[in-house]
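Good morning, colleagues. I should like to take you through one structure, moving from a single helix to the open and enclosed spaces and then to a few individual residues. Please look at the display as I begin.

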Amino acid sequence: MNDNGLALRNELPMSVAGDLESSAFEAEREAPCIPAYLEDTYWWAYLHPRSIWLFEREWLVNLILWGNMRRLTQSVLDEMDGAPGSPVLQVACVYGDFSNRLAACLRPSHSHLHIVDIAPIQLHNAGKKLEHHDTVSLHHQDSSALQFSAGRFSHTVVFFLLHEQPEEVRRRTVAEAIRVTRPGGKVVFVDYHCPKRSNPLRYLMRHVLRWLEPFALDLWRSELPDYLPKDIRPEQVSSRFYCGGLYQKVVVTC
Ligand SMILES: C[S@@+](CC[C@H](N)C(=O)[O-])C[C@H]1O[C@@H](n2cnc3c(N)ncnc32)[C@H](O)[C@@H]1O
């Protein structure tokens with residue numbers, strides 16, 4: 001348990017194995033390294049201490065998402081219909097109120113929120129931000145090689161992570177999110193998508209993403225379900241689009 005009362009697992013300064021559920025603790029063996037794409041491309045957004053000072057503001061995240069943060073967050077909360085007490089996984093930390101809102105949404109049904117991230121600095125920040133929740137655990141893990149057993153979670157959420165990852169890592173993250181979700185559970189992906197030709201943001205965003213987020217335009221060229229592993233047969237795959245197609249929510253029912 002860290003200073004903030006949150007369970008933080010793996011080789012982080014605040015971790016204490018004592019009050020962790022044994023199954024989850026046993027599953028976490030190796031501390032992952034920061035991958036090259038994060039170090040080279042996104043150091044300014046997630047790894048530099050000033051990045052947290054700058055970006056940890058809901059209004060700024062909302063601005064970056066052209067005023068759609070609340071709507072996209074709500075679109076995830078709308079999918080959280082698991083049975084009482086079902087554990088939910090959030091793959092990667094998110095700046096702003098996203099995790100707070102997700103934890104608050106799960107609380108009445110006594111569902112525990114587990115958050116994974118590969119960057120210790122992000123987990124520490126999440127620990128501070130979520131200190132008033134006693135139903136949240138943090139895990140130092142790589143989204144492309146999760147250390148949880150298959151079917152551990154009722155639902156899994158991947159919010160704006162895939163566009164930041166090179167294709168091979170993205171494919172493994174998608175496969176892992178599905179593997180750790182139980183049959184009948186949902187994996188909810190929210191991310192960028194190719195906007196309609198009539199969307200005035202299309203031209204601006206193409207330049208912005210090409211400049212700052214070199215892997216993001218993959219999600220303009222391919223549909224997100226194209227990254228699902230070929231050998232799985234999900235019960236259902238549904239897509240919904242927001243802001244003239246600039247954003248998508250894809251829900252995979254396992
Ligand atoms: C969810 S994404 C983007 C979220 C969104 N843009 C925001 O406002 O925060 C950012 C997070 O993904 C994490 N991340 C990137 N690659 C990862 C990986 N392979 N495994 C786990 N976390 C990863 C980063 O450390 C960062 O905290």
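Which residues on the other side of H10 are exposed? They are His 207, Arg 210 and Trp 211. Before I explain what that side is opposite to, let me state that this is a predicted model.

Helix H10 covers residues 201–212. Its twelve residues should span 16 Å at 1.5 Å a residue, and the C-alpha atoms at its ends are indeed 16 Å apart, so expectation and model agree. Within H10, the buried residues are Leu 201, Arg 202, Met 205 and Leu 209. Because these residues cover an arc of only 90° around the axis, they sit on the same side of H10. Among the elements that cover them are strand E6, residues 181–192, and helix H11, residues 218–221.

Let me now place that helix in the whole chain. The secondary structure comprises eleven helices and eight strands. The chain has 254 residues, of which 55% count as buried. If one takes the contacts between residues at least 6 apart in sequence, 73% of them join residues at least 24 apart.

I turn next to the open space. The largest pocket has a volume of about 840 Å³. Lining this pocket are 37 residues, and the closest to its centre are Tyr 46, Phe 160, His 163, Glu 164 and Glu 213. Which element gives the most to this lining? H10 does, with five residues. At least two residues each are supplied by helix H2 (36–41), helix H3 (43–47), helix H5 (58–64), strand E3 (113–117) and H10. Sorted by class, the lining of the largest pocket holds 28 nonpolar residues, five polar residues and four charged residues.

There is also enclosed space to consider. How many cavities of 30 Å³ or more does a search of the whole structure find? The search finds one. The largest cavity holds about 40 Å³ of space. Helix H8, residues 120–129, provides the largest share of its lining, namely four residues. The residues that line the largest cavity include Glu 56, Cys 93, Tyr 95, Ile 115, Gln 122 and Lys 129. By class, this lining has six nonpolar, three polar and two charged residues.

A second helix deserves attention, namely H9, residues 167–179. H9 has 13 residues and reaches 18 Å from its first C-alpha to its last, close to the 18 Å expected at 1.5 Å a residue. Its buried residues are Val 169, Arg 170, Thr 173, Val 174, Glu 176, Ala 177 and Ile 178. What do they pack against? Their partners are H2, strand E5 (153–159), E6, H11 and strand E8 (247–253).

E6 brings us to Phe 189, which is found in that strand. Is Phe 189 buried or exposed? Its relative accessible area is 0%, so Phe 189 counts as buried. Neighbours within four places in sequence aside, Phe 189 is in contact with residues including Val 174 and Ala 177, both of which are among the buried residues of H9. Its other contacts include Val 158, Leu 162, Leu 224 and Val 250. Phe 189 and Val 251 are 62 residues apart in sequence, yet their C-alpha atoms are 6.3 Å apart in space.

Pro 84 lies elsewhere, in the loop between H6 and strand E2 (88–91). With a relative accessibility of 69%, Pro 84 counts as exposed, since the limit for that class is over 50%. Not counting residues up to four places away in sequence, Pro 84 touches Ser 109 and Ser 111. Pro 84 and Pro 108 are 24 residues apart in sequence and 8.3 Å apart in space, C-alpha to C-alpha.

Finally, I would draw your attention to two backbone angles. Trp 66, in the loop between H5 and helix H6 (69–77), has a phi near 50°, a positive value in a residue other than glycine. Its relative accessibility is 39%, so Trp 66 counts as partly exposed. Cys 243 is not a glycine either, and its phi is positive at about 55°. Cys 243 lies in the loop between strand E7 (236–242) and E8.

That concludes my presentation, and I thank you for your attention.

Conventions: Residues numbered from 1 in each chain as written. Predicted model: local features only at pLDDT ≥ 70, side-chain atom pairs only at ≥ 80, totals over all residues. Heavy atoms only, no water. Expected span 1.5 Å × (residues − 1). Buried < 20%, exposed > 50% of the residue type's maximum accessible area, 1.4 Å probe, protein only. Arc of directions from axis to C-beta. Contact = heavy atoms within 4.5 Å. 1 Å grid on protein atoms, 1.4 Å probe; cavity = no way out; pocket = protein on both sides within 12 Å on 5 of 7 lines; lining within 4 Å. Points joined across faces, edges and corners; volume = space filled by probe spheres on them. Nonpolar A, V, L, I, M, F, W, Y, C, P; charged D, E, K, R; others polar.
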